[in-house]
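Here are my notes on the model you sent. They run from single residues and pairs out to the whole chain.

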Amino acid sequence: MTSPLSRRKLPVGIQGFAKIRTGGYYYVDKTPWLHQLTQEGGYFFLSRPRRFGKSLLLDTLKELFEANEPLFQGLYIHERWDWQRKHPVIRLSFGDGVMDSREALDARIRHLLRLNRERLGVEESGAPDISGEFSDLIRLAHGLHGDRVVVLIDEYDKPILDNITDGETARALREGLKNLYSVLKDADPHLRFCLLTGVSKFSKVSLFSGLNNLNDITLDKPYAPICGYTDEDLDTVFAPELPGLDRQQIKDWYNGYRWGDETTPAVYNPFDVLLFFQKREFRPYWFESATPSFLVKLLAERGLYTPRLESMETEASLLGRFDVDDIATEALLFQTGYLTVHKVEQPITGYWLYTLGYPNREVESSLNQALLPALGLPRSGRETLTLFRALQAHDLKALEAHLKALYASLPHDWYRNNPIAQYEGHYASVFYSHLAALGLLIRVEDSTHMGRVDMAVDFNGHIYLFEFKVVEQLPEGRALQQLKDKGYADKYLGQGKAIHLVGVEFSSQQRQIVAFDVESLN
């Protein structure tokens with residue numbers, strides 16, 4: 001067992017590279033990717049979900065370009081960097097506070113520009129507007145320091161996202177940021193390197209006004225692990241934290257974010273990993289750090305069939321389509337981190353098809369828990385506990401009774417007033433999300449040699465195969481029969497687990513389960 005003396009401090013919430021490197025904290029070396037990025041040079045954009053280490057990445061770049069060599073001793077880049085050159089760095093971050101007007105945004109920008117002038121020793125130019133102030137700061141910093149400028153912008157989109165439900169305000173803030181970022185287009189002679197990071201990817205037309213050389217590396221395979229921790233990182237850097245913990249469960253609960261095809265390494269959200277090692281309990285740390293109220297509201301309004309979230313196909317163009325007036329569901333779920341890339345295909349030359357799904361058990365369980373009210377279900381723990389007890393005891397009669405009571409509890413007014421109730425998939429969505437909220441191992445439309453079973457649940461030594469039908473569309477009795485006729489259970493034989501076929505039939509008129517037929521195979 002690893003000696004406790006080899007353990008280091010966990011950098012929970014620390015975004016300063018110098019503090020981590022001098023304070024005895026764990027650090028995962030990201031400088032191989034930074035070396036590659038800086039050698040390419042130019043203007044880069046990187047999108048990652050919140051709390052994924054973007055601020056630490058930018059702070060590392062700041063220290064690197066400012067040639068603070070002692071901080072990089074022992075890291076990959078140390079022997080590969082010219083420590084004799086020190087570049088002036090302009091760093092802007094919109095991560096703090098909420099700006100709810102163009103006036104508030106402009107005041108924040110002017111404050112940030114003033115702080116950078118003071119740090120770089122640049123005098124105020126007297127420019128009458130923000131774009132002039134920013135342009136003069138870049139030009140004067142270059143002249144004063146003798147080397148071209150590095151511009152690092154963190155949370156570039158947060159002012160817009162904080163107001164995304166208020167279209168008028170969001171558009172006003174977008175124009176304010178566009179006014180700022182457009183300066184970069186003509187500042188090229190004075191710039192050595194530029195990186196913007198954020199959660200969403202707004203179109204170049206709407207926000208970057210002519211900055212056509214902005215290189216989006218979000219889905220570039222070489223940069224897939226530039227933020228986050230890999231399995232190798234956990235097994236090496238964080239090895240002293242692992243004794244006494246279930247390594248496979250850590251992977252199931254927190255790993256799985258991928259930006260690229262199946263060959264790129266999946267990564268963990270650092271926020272999850274660090275808090276898990278600190279508290280040593282499996283909890284949805286990342287999900288609980290911010291309530292996705294806007295996301296839940298939007299999914300409810302669009303009547304999304306929630307089992308589809310487990311496997312959603314989309315074109316590459318949709319993943320990057322995000323604007324105040326045009327928010328694609330796939331882009332929103334992907335960019336905010338609730339779905340990630342599972343597979344990338346090119347069925348026709350130049351046409352890229354992405355399959356998205358949940359990154360891990362934490363997100364699947366937590367998002368479905370958050371969606372329950374939108375589906376008409378209460379979020380109290382009583383229903384979840386009743387479900388768990390029925391499955392734990394393998395009491396399928398109790399499970400049937402519980403689910404029927406669940407549907408009966410949906411008030412008639414809810415059906416009349418809630419748009420999601422009008423969608424054909426509502427009944428299956430309630431069924432799936434209620435189970436998924438428990439954190440069970442669920443596969444939706446799991447492929448077999450004869451087709452796809454609607455839902456497979458693996459729990460406590462039992463495998464439950466569910467097939468759903470709406471009786472107004474098909475004769476009664478067909479759900480269980482299809483499970484048998486298609487031989488859906490064949491794939492699961494030989495695993496040493498009891499297999500149960502469950503045909504579930506809904507009536508859209510009665511708004512209830514009207515058949516719950518079970519056949520156990522062993």
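1. A cut-off first. A residue counts as buried when its relative accessible area is under 20%, as exposed when that area is over 50%, and as partly exposed in between. Keep in mind that this is a predicted model.

2. Lys62 and Glu66. Their side chains form a salt bridge, with 3.0 Å from N to O. Is Lys62 buried or exposed? Its relative accessible area is 15%. That is under 20%, so Lys62 is buried. Glu66 has 13% relative accessibility and therefore counts as buried too.

3. Asp216 and Lys201. This is another salt bridge, and its closest N and O atoms are 3.0 Å apart. The pair links distant parts of the chain, with the two positions 15 residues apart. Asp216 belongs to strand β5 (residues 214-216), while Lys201 sits in the loop between β4 and α9 (204-207). Asp216 has a relative accessible area of 23%, so it is partly exposed. Lys201 is partly exposed as well, at 27%.

4. Glu467 and Lys469. Here the closest N and O atoms of the salt bridge are 3.9 Å apart. The cut-off for a salt bridge is 4 Å. Both residues are buried.

5. A network. Asp231, Asp235, Arg247 and Lys251 are joined into one network by salt bridges that share partners. In the whole structure there are 24 salt bridges. As background, side chains of opposite charge can pair when their charged atoms come close.

6. Helix α2. This helix covers residues 31-40. Which of its residues are buried? They are Thr31, Leu34, His35, Leu37 and Thr38. What do these buried residues pack against? The partners are β1 (42-47), α3 (54-65) and β4 (191-198). Gly41 follows the helix, and its phi is positive, near 70°.

7. Thr306. Look for this residue in the loop between α14 (293-301) and β6 (312-315). Its relative accessibility is 4%, so Thr306 counts as buried. Which residues does Thr306 touch, leaving out those up to four places away in sequence? The list is Tyr358, Asn368, Leu371, Leu375, Ser429, Tyr432 and Ser433.

8. Overall fold. The protein chain has 22 helices and 15 strands. Its C-alpha trace spans about 80 × 60 × 45 Å along the principal axes. How does the radius of gyration fit the size of the chain? For 522 residues, a compact globule would have a value near 24 Å. The chain has 26 Å, which agrees.

9. Interior and contacts. Of the 522 residues, 56% are buried. Consider the contacts with a separation of 6 or more. Residues 24 or more positions apart account for 68% of them.

10. Surface and charge. The chain exposes about 22300 Å². Carbon and sulfur atoms supply 47% of that area. There are 59 positive and 70 negative charges, and their mean positions are 2 Å apart.

How values were computed: Residues numbered from 1 in each chain as written. Heavy atoms only, no water. Helix = DSSP H or I, 4+ residues; strand = E, 2+ residues; numbered from the N terminus. Rg over C-alpha atoms; globule rule 2.2 N^0.38 Å. Buried < 20%, exposed > 50% of the residue type's maximum accessible area, 1.4 Å probe, protein only. Contact = heavy atoms within 4.5 Å. Areas by Shrake-Rupley, 256 points an atom, 1.4 Å probe, with all protein chains shown as cover. Lys, Arg positive; Asp, Glu negative; His and termini not counted. Charge placed at Lys NZ, Arg CZ, Asp CG, Glu CD.
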